[in-house]
Amino acid sequence: MRKIISLIHLSLNGFTSGPNDELDWIAYDHELEQDAHSLHVLTDAVIWGRRTYEGMASYWLTVPGNPASTPAELEHARFLDAATKIVVSRTLERVAWNNAQNTVLIKDHIAEEIHAIKQQPGKDIWFLGSPMLARTFMELDLIDEYRININPTILGEGKALFAGVTRSFPLKLLASKTFQSGVVALRYEPDRSAK
């Protein structure tokens with residue numbers, strides 16, 4: 001069965017963004033970029049909420065035609081173009097990435113739809129960003145691996161990843177790594193045997 005691997009950046013005090021969705025505090029550099037792009041070989045689909053999808057589409061669809069794009073940006077743009085884009089949104093009527101090729105729009109019955117996708121053949125699925133949707137997935141126990149990059153920053157205020165998560169669930173540490181930027185990457189999987 002395919003796994004859902006969530007990758008998210010957090011401040012040391014648990015925020016995914018500033019109060020107005022600011023992300024400029026993330027210590028994202030070449031080393032972290034390479035680490036994130038290691039998921040290209042493991043995954044062939046991505047999951048986003050509406051806002052993350054719209055942000056990704058507005059940026060990554062412009063990368064191939066931009067002469068200033070780096071080789072790593074071009075590689076990621078090619079990955080995203082080939083990957084199945086799974087967007088969870090009650091408000092979108094269609095997903096228009098390159099004329100809606102390789103796209104799935106989920107409006108309702110999230111758990112059932114995601115379980116069906118996980119049963120399909122293919123590589124694992126990269127859940128990227130989308131903190132509000134991540135909380136829903138946590139509540140529904142749909143995430144199979146958590147990759148959390150803890151940034152060496154305290155945000156005075158912001159949007160907390162775990163705010164509103166009411167289900168308790170233990171995690172098993174799979175790996176940890178410290179980057180030169182001071183970011184600590186943690187990999188966990190749910191300990192479902194503890195239920």
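Student: What does L174 count as, at 38% relative accessibility?

Tutor: In this predicted model, L174 is compared with two cut-offs: buried is under 20% relative accessible area and exposed is over 50%, with partly exposed in between (1.4 Å probe, protein chains only). Because its relative accessibility is 38%, L174 counts as partly exposed.

Student: What pLDDT do local features need in this predicted model?

Tutor: Residues are numbered from 1 along each chain as its sequence is written, and side-chain values use heavy atoms, with hydrogens and water left out. Totals for chains, interfaces and linings use all residues, side-chain atom pairs count only at pLDDT 80 or more, and local features need pLDDT of at least 70.

Student: Which residues does L174 touch, not counting those up to four places away in sequence?

Tutor: L174 belongs to strand 9, residues 171–178; strands (E, at least two residues) and helices (H or I, at least four) are DSSP runs numbered from the N terminus. L174 and E189 are 15 residues apart in sequence, and their C-alpha atoms are 6.9 Å apart. Contact means heavy atoms within 4.5 Å. By that test L174 touches E145, R187, Y188 and E189.

Student: With which residues is R187 in contact, leaving aside its neighbours within four places in sequence?

Tutor: R187 sits in strand 10, residues 184–190, and counts as partly exposed at 30% relative accessibility. Its C-alpha atom is 19 Å from that of D29, 158 residues away along the chain. The contacts of R187 are E145, Y146, R147, K172, L173, L174 and A175.

Student: N151 is in strand 7; is N151 buried or exposed?

Tutor: Strand 7 covers residues 145–151. Residues that N151 touches, beyond four places in sequence, include H9, L10, W25 and V183. Its relative accessibility is 1%, so N151 counts as buried.

Student: On how wide an arc do the buried residues of helix 1 fall?

Tutor: L32, E33, A36 and H37 are the buried residues of helix 1. They line one face of the helix because, seen down its axis, they fall within an arc (taken over the directions from the helix axis to the C-beta atoms) of 135 degrees.

Student: Which elements do the buried residues of helix 1 pack against?

Tutor: H30 and Q34 are exposed on the other side of helix 1. The buried residues pack against strand 1, helix 3, strand 6 and strand 7.

Student: Why are the buried residues of helix 2 on the same side, and what arc do they cover?

Tutor: T52, Y53, M56, A57 and W60 are buried in helix 2. They lie on the same side of helix 2 because they cover an arc around the axis of only 130 degrees.

Student: What covers the buried residues of helix 2?

Tutor: The buried residues in question are T52, Y53, M56, A57 and W60. Their cover includes strand 3 (43–49), helix 3 (71–82), strand 4 (84–88) and strand 6.

Student: Which element gives the largest share of the lining of the largest pocket?

Tutor: A pocket is an open set of points on a 1 Å grid over the protein atoms alone where a 1.4 Å probe fits, with protein on both sides within 12 Å along at least five of seven lines; lining residues have an atom within 4 Å of a point. The largest pocket holds about 1,400 Å³, the space filled by probe spheres set on grid points joined across faces, edges and corners. It is lined by 37 residues, with T52, L128, G129, S130 and P131 nearest its centre. The largest share, seven residues, comes from helix 2.

Student: What is the phi of H109?

Tutor: H109 lies in the loop between strand 5 (103–106) and helix 4 (110–119), and H109 is exposed, with a relative accessible area of 56%. Most residues other than glycine have a negative phi. H109 has a positive phi, near 55 degrees.

Student: What radius of gyration does the protein chain have?

Tutor: The chain has five helices and 10 strands, and 44% of its 195 residues count as buried. The radius of gyration is taken over C-alpha atoms, and the globule rule is 2.2 Å times the number of residues to the power 0.38. For 195 residues a compact globule would be near 16 Å, which agrees with the value for the protein chain, 16 Å.
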